[in-house]
Amino acid sequence: MLWVAIIGLIMTVVALALAARRVLFLYKLATVGPPAPERIEYARNNVGTEVKTQLVEVFGQKKLLKWTPSGTAHFFVMWAFFILATVYLEAYGALIQGAITGTPDFHIPLIGTWAVLGFLQDFIAVAALFGLIAFAVIRVKNSPKKLGRRSRFSGSHLGGAWLVLFMIFNVIWTMFLFRGAAHNTGNLPYASGAFASEAAGAVLRPLGESANEALEHVGLLLHIGVMLVFLVIVVNSKHLHIFTAPLNVMFSRRPDGNGPAQPMRIDGKVVDFEDEDLDGDRLGRGKIEETTWKGFLDFYTCTECGRCQSQCPAWNTDKPLSPKMLILDQRDHAFKVAPYLAATEEQRADLPEDVLSLLSKPLVGEDGVIHPDVLWSCTNCGACVEQCPVDIEHIDHILDMRRYQAMVESNFPSEAGVMVKNLENKGNPWGMSEMKRADWIEELASRDDDPIEIQLIDEKMPEDTEYLFWVGCAGALEDRAKKTTKAVAELLHIAGVKFAVLGPMEACTGDPARRLGMEYLFDMLAKQNIETLNEAGVKKIVATCPHCFNTLANEYPQLGGTFEVVHHTQLLAKLVDEGKLIPVTPIEEKITYHDPCFLGRHNKVYSQPRDIMAKVPGVQAQEMHRHKERGFCCGAGGARMWMEERLGKRINTERVDEALTTDPDTISTACPFCLVMLGDSINEKKNAGEAKETLEVVDVSQLLIKSIKGRPAESSASPV
């Protein structure tokens with residue numbers, strides 16, 4: 001047995017040295033970029049939350065199990081790695097004890113002979129074997145050769161995945177080889193429980209005692225050798241996520257990767273645009289080495305599973321953006337230029353030309369690592385982040401690159417430039433006069449049927465006023481969205497909720513500027529609004545636009561503006577539950593609800609709009625195939641509302657096509673951008689004879705006011 005131990009230990013030393021060298025390389029590469037102190041600080045200050053997250057996401061596989069077949073297979077294969085570590089402990093123990101005593105009859109102290117442990121080891125190995133079969137079937141059925149772009153594995157490195165499946169299979173059969181032989185020689189620690197090992201022993205028993213002794217030694221070395229080769233493969237492949245996924249989850253954004261856009265930082269410090277010494281050329285990310293270590297951790301952790309890609313509205317409408325490939329292209333480029341990034345100044349002079357030639361390749365450009373069409377196709381809908389099982393934050397990467405392109409290179413879609421100028425000069429994307437923001441107030445006050453007076457803030461919120469109604473640019477200036485504004489104002493009036501509006505004092509929250517990458521403009525608008533709100537003494541805000549809602553609630557606190565913010569569907573649902581709003585008139589219609597991305601995925605508001613519809617008599621709710629956390633974008637997010645959609649199928653058309661499969665009488669939503677986008681597509685469908693003339697798009701609040709007052713809701717499917 002001494003020779004077995006010597007071979008085993010030599011293999012172990014060599015493999016660990018190779019793996020350690022690779023890990024050191026990965027660490028050096030990740031740390032060439034700026035720090036991310038906020039990630040470490042949060043993890044340090046929220047240990048309880050991080051422990052819970054590890055238990056739920058890593059060990060519980062919560063996100064993976066949303067996709068039941070592949071998630072279940074992965075659950076068993078992952079737990080096989082943990083549980084079969086005890087088998088490797090037994091293997092090394094047998095290796096050492098065999099060298100010392102000549103008999104490899106080692107068992108783990110205290111628990112090493114428990115039948116339960118033997119059963120668990122064999123059960124998880126068999127379950128992992130079935131998991132491998134499931135993975136193979138899934139990959140064959142979803143082969144890019146067969147499905148093309150429709151395959152979530154399109155663009156993935158397929159050879160590496162098959163190699164890893166083969167290596168896991170080798171781990172399992174070598175385990176049963178040496179354990180089956182050990183059972184026959186009397187060296188298996190378990191008298192019962194290890195059912196599969198006993199079955200393997202029964203197969204090997206006819207070979208005789210000496211053959212089983214030899215197979216035990218050979219099987220032991222094979223089992224250890226396969227694991228060591230696997231280790232080297234893992235640290236050099238996409239399966240590095242076995243080790244980095246827990247870290248990526250630990251340092252991911254909380255409560256999740258959606259919600260607020262992150263403040264822009266230079267060298268780990270939040271940018272102050274009023275700093276006279278601010279280096280304007282370092283805004284955003286213009287080079288791969290400007291990626292933080294958390295960004296590199298995203299690169300290392302991508303499993304290439306393609307779940308993000310399969311859910312991306314841009315990819316699903318034949319645009320070049322694949323969230324998966326966005327990460328992989330950056331990762332592959334980083335590895336190619338790594339010899340330069342990790343080298344000293346003296347070493348860089350001796351680098352090969354093929355490495356040096358890559359340094360001139362821009363991160364974003366026609367011939368860059370990322371094509372501009374990829375960068376600007378993103379709607380910031382968050383589907384990629386929501387679906388990623390290892391918490392990669394694709395939107396953060398996109399925003400960082402957009403910031404550099406917009407503020408340093410001044411390189412962004414030309415039509416968005418009009419929106420930027422309008423925000424700078426008029427405080428709204430349409431460039432309308434600020435006095436236009438009060439037109440809807442006059443319309444409510446001057447109508448013949450039940451006029452309503454809206455409280456307009458002069459300087460301070462009246463003491464008896466509970467909410468500031470943040471109308472938003474669309475809600476005040478876009479004709480279709482104004483119908484939602486008036487419906488919400490009337491509902492609050494009926495419920496007896498005291499509210500007031502800013503009118504001309506209100507300016508854009510800055511969301512479209514920030515999502516475009518114009519962080520300085522967002523900073524200016526946000527600080528202006530925060531000052532206005534604080535001077536007025538505002539504490540509680542209700543907003544109809546999910547983009548305004550998200551910005552006010554989640555992003556203004558980054559600049560010192562902390563308010564209690566609710567979306568109008570949340571407040572209206574509460575008022576209905578309290579009996580302050582009572583829908584009575586039946587609406588005998590089939591209605592399908594479209595989840596706005598910034599309300600749903602970004603802020604987890606799924607139930608309240610549906611709760612309101614459920615309380616309206618007669619409504620027959622029809623869910624679209626893609627809904628709630630898997631809802632499909634309307635195409636307006638990420639400042640796309642102000643950019644032309646020239647590539648592929650229009651996203652709003654794809655969404656309306658899906659809505660039409662439910663044969664609805666009405667499509668409802670809870671976002672002014674969604675109203676416009678879906679309404680435009682429905683008008684096109686009507687003109688083409690592909691949708692019934694009575695089909696309309698309305699906000700949930702319009703359905704509610706229609707049921708309460710018994711009068712028709714104002715449709716947003718056709719212009720006023």
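**A walk through the predicted model**

Setting aside its neighbours within four places in sequence, Thr532 is in contact with Leu502 and Met505. The model looked at here is a predicted one, and Thr532 makes a handy way in. This threonine belongs to helix α26, which covers residues 519–536. Its relative accessibility is 15%, so Thr532 counts as buried, the cut-off for that label being under 20%.

From there it is a short step along the chain to some strands. Strand β6 (residues 540–543) runs parallel to strand β4 (residues 467–470), and 3 bridges join the two. In this pairing, Phe469 stands opposite Val542 of β6. Strand β6 is also joined to β7 (residues 564–567), again in parallel, by 4 bridges. Here Lys540 is the residue that stands opposite Glu564 in β7. As a rule, strands of a sheet pair through backbone hydrogen bonds, and they can do so in a parallel or an antiparallel way.

Further along, another set of strands turns up. This one is an open sheet of 4 strands with parallel pairing, and its order reads β9-β8-β10-β11. The edges are taken by β9 (620–621) and β11 (696–699), each of which pairs on one side only. Strand β10, made of residues 666–669, pairs with β11 in the parallel sense over 4 bridges. Within that pairing, Ile667 has Val697 of β11 as its bridge partner. Lying across β10 and β11 is helix α31 (residues 672–687), which runs at about 170° to β11.

Back towards the start of the chain, the picture is one of helices around a pocket. The largest pocket has a volume of about 1200 Å³. Its lining takes in 46 residues, and those nearest the centre are His74, Met78, Phe81, His241 and Ile242. Two or more lining residues come from each of α3 (47–59), α4 (68–83), α5 (85–101), α6 (115–141), α8 (158–185), α10 (209–235) and α11 (241–250). Of these, α4 gives the largest share, with 7 residues. As for chemistry, the lining splits into 33 nonpolar, 6 polar and 7 charged residues.

Helix α11 comes up again in the surroundings of α12, a helix that spans residues 293–301. Helix α12 is mostly covered, with 9 of its 9 residues buried. The buried set includes aromatic residues such as Trp293, Phe296, Phe299 and Tyr300, but Lys294 and Asp298 are buried too. Gly295, Leu297 and Thr301 are also on that list. What do the buried residues of α12 pack against? Their partners are α1 (2–30), α2 (37–45), α11, α15 (323–341) and α20 (394–408).

One of those partners, α15, leads on to a backbone oddity. In the loop between α14 (313–316) and α15 sits Asp318. Although Asp318 is not a glycine, its phi is positive, at about 65°. Asn380 is a further case: it has a positive phi of about 60° and is not a glycine either. The loop that holds Asn380 runs between α18 (372–376) and α19 (383–387). Is Asn380 buried or exposed? With a relative accessible area of 0%, Asn380 is buried, since that label applies to anything under 20%.

Methods: Residues are numbered from 1 along each chain as its sequence is written. This is a predicted model: local features need pLDDT of at least 70, side-chain atom pairs count only at pLDDT 80 or more; totals for chains, interfaces and linings use all residues. Side-chain values use heavy atoms; hydrogens and water are left out. On a 1 Å grid over the protein atoms alone, a cavity is a set of points where a 1.4 Å probe fits but cannot get out, and a pocket is an open set with protein on both sides within 12 Å along at least five of seven lines; lining residues have an atom within 4 Å of a point. Grid points are joined across faces, edges and corners, and a volume is the space filled by probe spheres set on the points. Ala, Val, Leu, Ile, Met, Phe, Trp, Tyr, Cys and Pro count as nonpolar, Asp, Glu, Lys and Arg as charged, and the others, Gly among them, as polar. Buried means under 20% relative accessible area, exposed over 50%, partly exposed in between (1.4 Å probe, protein chains only). Contact means heavy atoms within 4.5 Å. Two strands pair if DSSP finds at least two bridges between them. Axes are lines fitted to C-alpha atoms, for helices over the stretch in contact, and angles run from 0 to 180 degrees between N-to-C directions.
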